[in-house]
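Got the model open in your viewer? Switch to cartoon view and follow along, one selection at a time.

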Amino acid sequence: MKNLRRILCTILCFAMIITTGMTAFADTASAAGDKALEDGTYTFGVMTNTKMFKITPEDNGTCQTVVKDGKITATIRLSGDGYSKLYMGSSEEAAALEASNPNASAFIPYIEDADGKYTYEVPVEALNTPIHLSARGTKWYDRVIVFYEVLPQPVKASYTIQGDTLRFKWTKAAEPYISGYEIACAYDAEFTDLVPIETIAEGQNTTSAKVYLEKGDTYYLKVRSVLTIDGLQAYSDWSNVVAAKNITVAKPKLSSVTAGTSKATVKWTKKAVTGYEIQYGTSSTFKSAKTVRIGKASTVFKVIKNLKKGKTYYFRIRSYKNTADGVCYSGWTTKKSVKIK
């Protein structure tokens with residue numbers, strides 16, 4: 001393991017904390033569960049509450065579902081062959097029925113398919129809602145299953161770097177019931193040498209995480225969304241993998257800022273970079289400041305217009321380099337201030 005690793009992950013939660021997210025989730029679940037489906041065949045997501053009652057990995061958390069005359073029947077394939085039949089009720093109810101009528105039509109027997117998988121045709125009382133059933137192994141076991149309509153899709157990952165701080169970013173998942181995201185960070189593209197960071201980002205609106213970098217190391221990152229219904233979880237496929245390295249980006253020199261009538265002219269030195277960003281505002285700490293991006297390395301001045309007369313404005317600049325998966329920044333220059341005419 002590498003020495004002197006100092007990894008910290010600080011999750012940005014913008015508009016949703018977990019309590020608010022769960023309240024919104026409950027409202028959405030009720031609305032989605034009431035939606036009528038047209039007759040036809042669908043591919044739905046499926047989650048279970050235990051590894052002992054697991055959908056076969058080949059189906060990637062999905063099942064084929066038939067809707068006919070308002071009734072939904074799902075064909076699930078389990079990863080093992082330990083259950084001879086299912087029952088849509090508790091284990092106690094199943095055991096009592098079996099004792100009185102072992103061949104009752106209420107039992108759902110397995111059918112072995114061409115791949116050797118045990119399949120079961122399960123009536124779906126409601127989508128996006130936990131369904132309690134029991135499975136017959138050496139005895140009857142209580143199990144929970146959830147069928148959901150919208151499969152979570154992979155998000156798009158990118159990053160920005162300034163100094164030793166990497167901001168890992170991803171697009172917001174659009175599907176309902178997203179409770180957060182899972183992040184993986186490693187020193188290798190195969191993700192065998194993992195970096196010890198906080199891996200869970202809570203809240204659907206959370207779209208970035210902070211990682212502190214060691215100089216010279218390349219970091220590989222990916223993310224996937226987490227769908228949660230009543231404590232059961234499913235995952236999207238992983239995003240694209242981004243490779244991030246703390247490279248040196250030459251900092252420009254802020255040569256001058258000259259005030260004009262409702263404007264200011266900013267000049268700086270040219271560097272071998274992709275472009276520059278100017279930040280300006282009336283606060284010396286750049287609170288609520290505006291940012292202007294210049295996309296040509298050869299540009300060495302910019303006129304900032306529509307400034308308020310008589311106000312003092314503060315300016316600073318930094319350069320950036322685009323990479324395959326993100327953007328690396330230099331540090332900000334020392335600020336300069338002028339009073340607008």
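Start by selecting β3 and strand β4 (residues 71-78): the two pair in the antiparallel sense over five bridges. Strands here are DSSP runs of E, at least two residues long, while helices are H or I runs of at least four residues, both numbered from the N terminus; two strands pair if DSSP finds at least two bridges between them. Residues are numbered from 1 along each chain as its sequence is written. Keep in mind that this is a predicted model, where local features need pLDDT of at least 70, side-chain atom pairs count only at pLDDT 80 or more and totals for chains, interfaces and linings use all residues, and that side-chain values use heavy atoms, with hydrogens and water left out.

Along this pair, V67 sits opposite I72 in β4. Now click on D69: in the β3-β4 hairpin, with two residues between the strands, D69 takes a positive phi near 55 degrees.

Next, add strand β2 (residues 40-48), which pairs with strand β3 (residues 62-68) in the antiparallel sense over six bridges. T41 has V66 in β3 as its bridge partner.

Zoom out, and these strands turn out to belong to an open, antiparallel sheet of nine, in the order β6-β5-β9-β10-β2-β3-β4-β8-β7. Colour β6 (108-109) and β7 (111-112) to see the edges: each has a single partner strand, so one side of each lacks a neighbour in the sheet.

Staying in that sheet, select strand β9 (residues 131-136) and strand β10 (residues 140-148), antiparallel and joined by six bridges. S134 is partnered by D142 in β10. Then bring in helix α2 (residues 91-100), lying across β5 (85-87), β9 and β10 at about 120 degrees to β10 (axes are lines fitted to C-alpha atoms, for helices over the stretch in contact, with angles from 0 to 180 degrees between N-to-C directions; contact means heavy atoms within 4.5 Å).

Now jump to another open sheet, three antiparallel strands ordered β19-β20-β23. Its edges are β19 (254-260) and β23 (301-304), each with a single partner strand, so each has one side without a neighbour in the sheet. The average twist is 15 degrees from one strand to the next. β19 pairs with strand β20 (residues 263-268) over six antiparallel bridges, and G260 faces K263 in β20.

Last stop: Q279, in strand β21 (residues 275-281). Is Q279 buried or exposed? At 13% relative accessibility, Q279 counts as buried (under 20% relative accessible area; exposed is over 50%, partly exposed in between, using a 1.4 Å probe and protein chains only). Show side chains, and you'll find Q279 touching residues including F286, Y314 and W332.

Methods: Lists of a residue's contacts leave out its neighbours within four places in sequence.
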